[in-house]
Amino acid sequence: MDEPLEPDAARNLIREILRAGRFIYSKHAKEEMLADGLTTVDCENVLRGGGVRPGEFEHGTWRYRVATSRIAVVVAFRSEHELVVVTTWRIGR
């Protein structure tokens, strides 16, 4: 998979992975979700319907921020069939 992906391509891949692939939450993401009172359902809803920003190269991987007006979720692709939720936060809190 050639990265960085354009935001539309990243959005389509995220949705496909949610539908038929594998996605996991990093330890850091789980800690941030707990701290902000977020659930996996909240994060998955953001990934399904949020806006995707251009990828940013950080810590050796391309990361994509997906956000609604209330929640942001950052993901990294491990392959075309797997992604990891790197972190998440509640906006404006």
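**Exercise 1. Glu82 and its partner**

The side chain of Glu82 makes a polar contact of 2.6 Å with the side chain of Arg22. In this predicted model, describe where Glu82 is found and state how far apart Glu82 and Arg22 are in sequence and in space.

Solution.
Step 1. Glu82 is found in strand E6.
Step 2. Along the sequence, Glu82 and Arg22 are 60 residues apart, while their C-alpha atoms lie 4.7 Å apart in space.
Step 3. Buried means under 20% relative accessible area. Glu82 has 16% relative accessibility, so Glu82 counts as buried.
Step 4. Leaving aside neighbours within four places in sequence, Glu82 is in contact with Ile17, Arg22, Ile24 and Phe77. Arg22 is thus listed among the contacts of Glu82 and is also its side-chain polar partner.

**Exercise 2. Two threonines of strand E6**

Take Thr87 and Thr88. For each, work out the burial class, the polar contact of the side chain and the residues in contact.

Solution.
Step 1. Strand E6 holds Thr87 and also Thr88.
Step 2. The relative accessibility of Thr87 is 15%, so Thr87 counts as buried. Thr88 has a relative accessible area of 0% and is buried.
Step 3. The side chain of Thr87 is joined to the side chain of His28 by a polar contact of 3.1 Å. For Thr88, the side chain reaches a backbone atom, the oxygen of Ala72, at 2.7 Å.
Step 4. With neighbours within four places in sequence left aside, Thr87 is in contact with His28, Ala29, Glu32, Ala72, Val73 and Val74. On the same basis, the contacts of Thr88 are Ala29, Glu32, Met33, Leu38, Cys43, Ile71, Ala72 and Val73.
Step 5. Read the lists against each other: Ala29 and Ala72, among others, are contacts of both Thr87 and Thr88.

**Exercise 3. The two sides of helix H2**

Which residues of helix H2 (residues 27–36) are buried, and which are exposed on the other side?

Solution.
Step 1. The buried residues of H2 are Ala29, Met33 and Asp36.
Step 2. Viewed down the axis of H2, these buried residues fall within an arc of 75°, so they line one face of the helix.
Step 3. Lys27, Lys30, Leu34 and Ala35 are exposed on the other side of H2.
Step 4. The cover over the buried residues of H2 includes strand E1 (22–25), H3 and strand E6 (82–90). Thr88 of E6 has Ala29 and Met33 among its contacts.
Step 5. After H2 comes Gly37, with a positive phi near 70°.

**Exercise 4. Helix H3 and its packing on H1**

Find the buried side of H3 and what covers it, then describe how H1 packs with H3.

Solution.
Step 1. Cys43, Glu44, Val46 and Leu47 are the buried residues of H3. They cover an arc of only 155° around the axis, which puts them on the same side of H3.
Step 2. Val41 and Gly49 are exposed on the face of H3 turned away from its buried side.
Step 3. Among the elements that cover the buried residues of H3 are H1, E1, H2, E4, strand E5 (71–79) and E6.
Step 4. Two packed helices are described by the angle between their axes and the distance between the axes. For helix H1 (residues 7–20) and helix H3 (residues 40–49), the angle is about 135° and the axes are 8 Å apart. That makes H1 oblique to H3.
Step 5. From H1, Ile14, Arg15 and Leu18 meet Glu44, Leu47, Arg48 and Gly49 of H3. The residues of this contact divide into three nonpolar, one polar and three charged.

**Exercise 5. Backbone exceptions**

Most residues other than glycine have a negative phi, and most peptide bonds are trans. Where is the peptide bond that is cis, and what is the phi of His59?

Solution.
Step 1. The bond from Glu3 to Pro4 is cis, with omega near 10°. Pro4 is placed in the segment before H1.
Step 2. His59 has a positive phi, near 55°, and is a residue other than glycine.
Step 3. His59 is in the loop between strand E3 (56–58) and strand E4 (61–67).
Step 4. Exposed means over 50% relative accessible area. His59 has 68% relative accessibility, so His59 counts as exposed.

Terms used:
Residues numbered from 1 in each chain as written. Predicted model: local features only at pLDDT ≥ 70, side-chain atom pairs only at ≥ 80, totals over all residues. Heavy atoms only, no water. Axes fitted to C-alpha atoms, helices over the stretch in contact; angles between N-to-C directions. Helix = DSSP H or I, 4+ residues; strand = E, 2+ residues; numbered from the N terminus. Parallel < 35°, antiparallel > 145°, perpendicular 65-115°, else oblique. Contact = heavy atoms within 4.5 Å. Nonpolar A, V, L, I, M, F, W, Y, C, P; charged D, E, K, R; others polar. Buried < 20%, exposed > 50% of the residue type's maximum accessible area, 1.4 Å probe, protein only. Arc of directions from axis to C-beta. Polar contact = N/O pair within 3.5 Å; in protein donor to acceptor, adjacent residues only side chain to side chain.
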